[in-house]
Amino acid sequence: MDTELRPEERDDSSSPESGREGSSRSSFVRLVRWAVALAATFTVLGLLVSAFVVQPFLVPSSSMEPVLQPGDRVLVNKLAYAFGDEPERGDVVVFDGSGTFAAAGDGGGAVPGLLRKAGAATGLAEPEGTDYVKRVIGVGGDRVICCDARGRLTVNGKPLDEREYLYPGDAPSLVEFDVIVPPGRLWVMGDHRSDSRDSRDHLGSPGGGTISVDKVIGRADWRGWPPDRAGSLGRPGYGG
């Protein structure tokens with residue numbers, strides 16, 4: 001009896017062409033798996049670096065103009081104050097203002113909150129509503145006064161030369177105050193004084209408008225974006 005299979009009944013699974021197709025599919029699947037694994041690894045490493053070393057921070061407002069503009073990305077050095085050092089006058093710091101500058105929000109739900117935190121941690125989304133970026137004007141023990149006869153802020157009787165960073169046309173402050181910064185706390189102000197809610201707006205709040213050093217997330221050391229303005233933020237000459 002003739003048992004030869006008709007063409008449509010033949011098993012071609014072992015043909016060279018079939019073998020090459022199967023090998024190609026397997027290679028593609030392995031490549032995708034490797035790509036996903038690498039992406040996950042770099043994401044985790046990036047989040048770890050952001051959590052403990054350097055965190056990108058998207059500047060959300062104009063309160064620090066002209067030094068920082070809305071949409072700028074700054075790199076926040078989280079190790080700046082990790083080994084006993086504390087913020088100094090002139091430092092630009094990012095801090096958690098909950099309990100002083102703002103009330104803690106609910107984050108909009110667990111999943112949206114996590115997505116927002118992940119975006120903020122990579123500098124792709126606006127920071128938490130309780131995170132602020134301001135300049136340190138006074139540290140613990142300082143007496144900060146607005147203003148002297150020439151309209152300048154004074155710290156411990158010494159007038160500050162703020163021309164290096166103060167927004168053009170702005171006065172150092174239109175709000176008068178005379179405060180002694182408690183130990184372990186900071187008096188902070190935005191560089192765009194006429195468009196900044198800062199320590200002056202919270203004189204009647206707990207801490208008298210000052211923030212706790214423990215609430216400081218890190219020092220904004222570098223501007224990473226946009227490229228044409230990238231570079232170190234530095235510190236004014238009066239700091240120290």
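**Exercise 1. Find which residues Val-188 touches, leaving out residues up to four places away in sequence.**

Step 1. Let's fix the term: contact means heavy atoms within 4.5 Å.

Step 2. Go through the neighbours. Val-188 touches Phe-95, Phe-101, Lys-134, Arg-135, Val-136, Ile-137, Asp-198, Ser-199 and Ile-211, with residues up to four places away in sequence not counted.

Step 3. Pick one of these, Lys-134, and look at the backbone. From C-alpha to C-alpha, Val-188 and Lys-134 are 5.9 Å apart in space, yet 54 residues apart in sequence.

Step 4. Now place Val-188: it sits in strand S9. Helices (H or I, at least four residues) and strands (E, at least two) are DSSP runs, numbered from the N terminus.

Step 5. Is Val-188 buried or exposed? Buried means under 20% relative accessible area, exposed over 50%, and partly exposed in between (1.4 Å probe, protein chains only). Val-188 has a relative accessible area of 0%, so this residue is buried.

Before you go on, a word about what you're looking at. This is a predicted model, in which local features need pLDDT of at least 70 and side-chain atom pairs count only at pLDDT 80 or more, while totals for chains, interfaces and linings use all residues. Residues are numbered from 1 along each chain as its sequence is written, and side-chain values use heavy atoms, with hydrogens and water left out.

**Exercise 2. Work out how the chain is built overall.**

Step 1. Count the elements: you get 2 helices and 12 strands.

Step 2. Put them in sequence order, and the pattern reads α-β-β-β-α-β-β-β-β-β-β-β-β-β.

Step 3. Check the burial. The chain has 240 residues, and 38% of them count as buried.

Step 4. Turn to contacts between residues at least 6 apart in sequence: 69% of these join residues at least 24 apart.

**Exercise 3. Sort out the aromatic pairs, and say why each one described here is stacked or tilted.**

Step 1. Here's the rule: rings of Phe, Tyr and Trp (its six-membered ring) pair if their centres lie within 6.5 Å; planes under 30 degrees apart count as stacked, over 60 as edge-to-face and the rest as tilted.

Step 2. Searching the whole structure turns up 4 aromatic pairs. One of them is Phe-95 with Tyr-132: the ring centres are 5.7 Å apart and the planes are at 20 degrees, so this pair is stacked.

Step 3. Where do the partners sit? Phe-95 is in strand S3 (residues 92–96) and Tyr-132 is in strand S4 (residues 131–138), so the pair ties together parts 37 residues apart in sequence. Phe-95 and Tyr-132 are both buried.

Step 4. Next up is Phe-177 with Trp-187. Their ring centres lie 4.8 Å apart with planes at 40 degrees, so you call this pair tilted.

Step 5. Place these two as well: Phe-177 is in strand S8 (residues 177–180) and Trp-187 is in strand S9 (residues 185–189), so the pair ties together parts 10 residues apart in sequence. Phe-177 and Trp-187 are buried.

Step 6. Finally, look for a group. Phe-95, Phe-101 and Tyr-132 make up one aromatic cluster.

**Exercise 4. Find the disulfide and describe its two cysteines.**

Step 1. What kind of bond is it? A disulfide is a covalent bond between the sulfur atoms of two cysteines. The cut-off used here is a pair of cysteine sulfur atoms within 2.5 Å.

Step 2. Apply the rule and you find 1 disulfide. Its partners are Cys-146 and Cys-147, with sulfur atoms 2.1 Å apart.

Step 3. Read the twist: the angle about the S-S bond is -80 degrees, and the link between Cys-146 and Cys-147 is left-handed.

Step 4. Check each cysteine. Cys-146 has 7% relative accessibility, so it counts as buried. Cys-147 has a relative accessible area of 27%, so it is partly exposed.

**Exercise 5. Decide whether Ile-180 is buried or exposed, and list what it touches.**

Step 1. Locate Ile-180 in strand S8.

Step 2. Use its relative accessible area: the value is 61%, so Ile-180 is exposed.

Step 3. List the touching residues, not counting those up to four places away in sequence: Ile-180 touches Gly-141, Asp-142 and Arg-143.
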